[in-house]
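These are my notes from one sitting with one model. I went from the overall layout to single residues and wrote down what I looked up.

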Amino acid sequence: MNYSTEIITVRQKLADLNAPPKPLEHTVYEEREAICDRHGVFKQRCRRMALHGKGIETKTECPACLSEKLSQLQQA
Ligand SMILES: [Zn+2]
């Protein structure tokens, strides 16, 4: 993955975190507290999708880590 693609990916993740979750079919959202090694407690959003009998779970990353990553990428 090149830098610009990664910047877009990280930006999108941050934007998703700032927006309310989109209601989707077969999808359940759950907010829980998670702990980042570097930034402490943050609200993690857990998305569970039931698709074709399989459960897919995605968890959001620490927003502070994402912001840092973005500024690092932009400086590179
Ligand atoms: Zn963090």
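Before listing any partners I fixed the term: I take two strands as paired if DSSP finds at least two bridges between them. I also note at the start that the model is predicted.

**Entry 1: layout**

I counted two helices and three strands in the protein chain. Reading along the sequence, I get the pattern α-β-β-β-α. I took the extents of the C-alpha trace along its principal axes, and they come to about 40 × 30 × 20 Å. I then looked up burial: of the 76 residues in the protein chain, 3% are buried. For contacts between residues at least 6 apart in sequence, I find that 47% join residues at least 24 apart.

**Entry 2: the sheet**

I traced the strand order as β1-β2-β3, an open sheet of three strands with antiparallel pairing. Why does one side of β1 and of β3 lack a neighbour in the sheet? Both strands stand at the edges with a single partner strand each, so one side of each is left free. Ignoring direction, I get an average turn of 25° between neighbouring strands of this sheet.

I went through the pairs one at a time. β1 and β2 run antiparallel and are joined by 10 bridges. I looked up Glu 31 and found Arg 45 in β2 as its bridge partner. β2 and β3 are also antiparallel, and I count six bridges for them.

**Entry 3: β3 and Thr 58**

How many of the six residues of β3 are buried? I find zero, so I record β3 as lying largely in the open. I picked Thr 58, which lies in this strand, β3. I count 10 other C-beta atoms within 10 Å of Thr 58; the cut-off for exposed is 12 or fewer, so Thr 58 is exposed. Across the pairing, I find Arg 47 opposite Thr 58. I also checked Thr 58 against Arg 45, the residue that came up with Glu 31. The C-alpha atoms of Thr 58 and Arg 45 are 8.3 Å apart, and the two are separated by 13 residues in sequence.

**Entry 4: two histidines in loops**

I looked at the link from β2 to β3, where the two strands form a hairpin with two residues between them. His 52 sits in that turn, and I note a positive phi of about 50° for it. The loop in question runs between β2 (40–51) and β3 (54–59). Is His 52 buried or exposed? I count 6 C-beta neighbours inside 10 Å, so His 52 goes down as exposed. From the C-alpha of His 52 to that of Glu 25 I get 12 Å, with their positions 27 residues apart along the chain.

I then turned to His 26, in the loop between α1 (3–18) and β1 (27–36). His 26 also has a positive phi, about 60°, although it is not a glycine. With 11 other C-beta atoms within 10 Å, I list His 26 as exposed.

**Entry 5: the helix pair**

I describe two packed helices by the angle between their axes and the distance between the axes. For α1 and α2 I get an angle of about 150° and axes 10 Å apart. The cut-off for roughly antiparallel is over 145 degrees, so I enter α1 and α2 as roughly antiparallel to each other. I have their crossing as left-handed.

Next I listed who meets whom. On the α1 side I have Tyr 3, Glu 6, Ile 7, Val 10, Arg 11, Lys 13, Leu 14 and Leu 17. On the α2 side I have Pro 63, Leu 66, Ser 67, Lys 69, Leu 70, Leu 73 and Gln 74. Sorted by type, the residues of this contact are nine nonpolar, two polar and four charged.

**Entry 6: Leu 73**

From that list I followed up Leu 73, found in helix α2 (residues 63–75). Which residues does Leu 73 touch, not counting those up to four places away in sequence? I find Tyr 3, Glu 6, Ile 7 and Val 10. I also took the C-alpha separation of Leu 73 and Ser 4: 8.3 Å, at 69 residues apart along the chain. I count 16 other C-beta atoms within 10 Å of Leu 73, so I leave it as partly exposed.

Terms used:
Residues numbered from 1 in each chain as written. Predicted model: local features only at pLDDT ≥ 70, side-chain atom pairs only at ≥ 80, totals over all residues. Helix = DSSP H or I, 4+ residues; strand = E, 2+ residues; numbered from the N terminus. Buried ≥ 20, exposed ≤ 12 C-beta atoms within 10 Å, placed from the backbone. Axes fitted to C-alpha atoms, helices over the stretch in contact; angles between N-to-C directions. Contact = placed C-beta atoms within 7 Å. Parallel < 35°, antiparallel > 145°, perpendicular 65-115°, else oblique. Left-handed = near helix turned anticlockwise from the far one by under 90°. Nonpolar A, V, L, I, M, F, W, Y, C, P; charged D, E, K, R; others polar.
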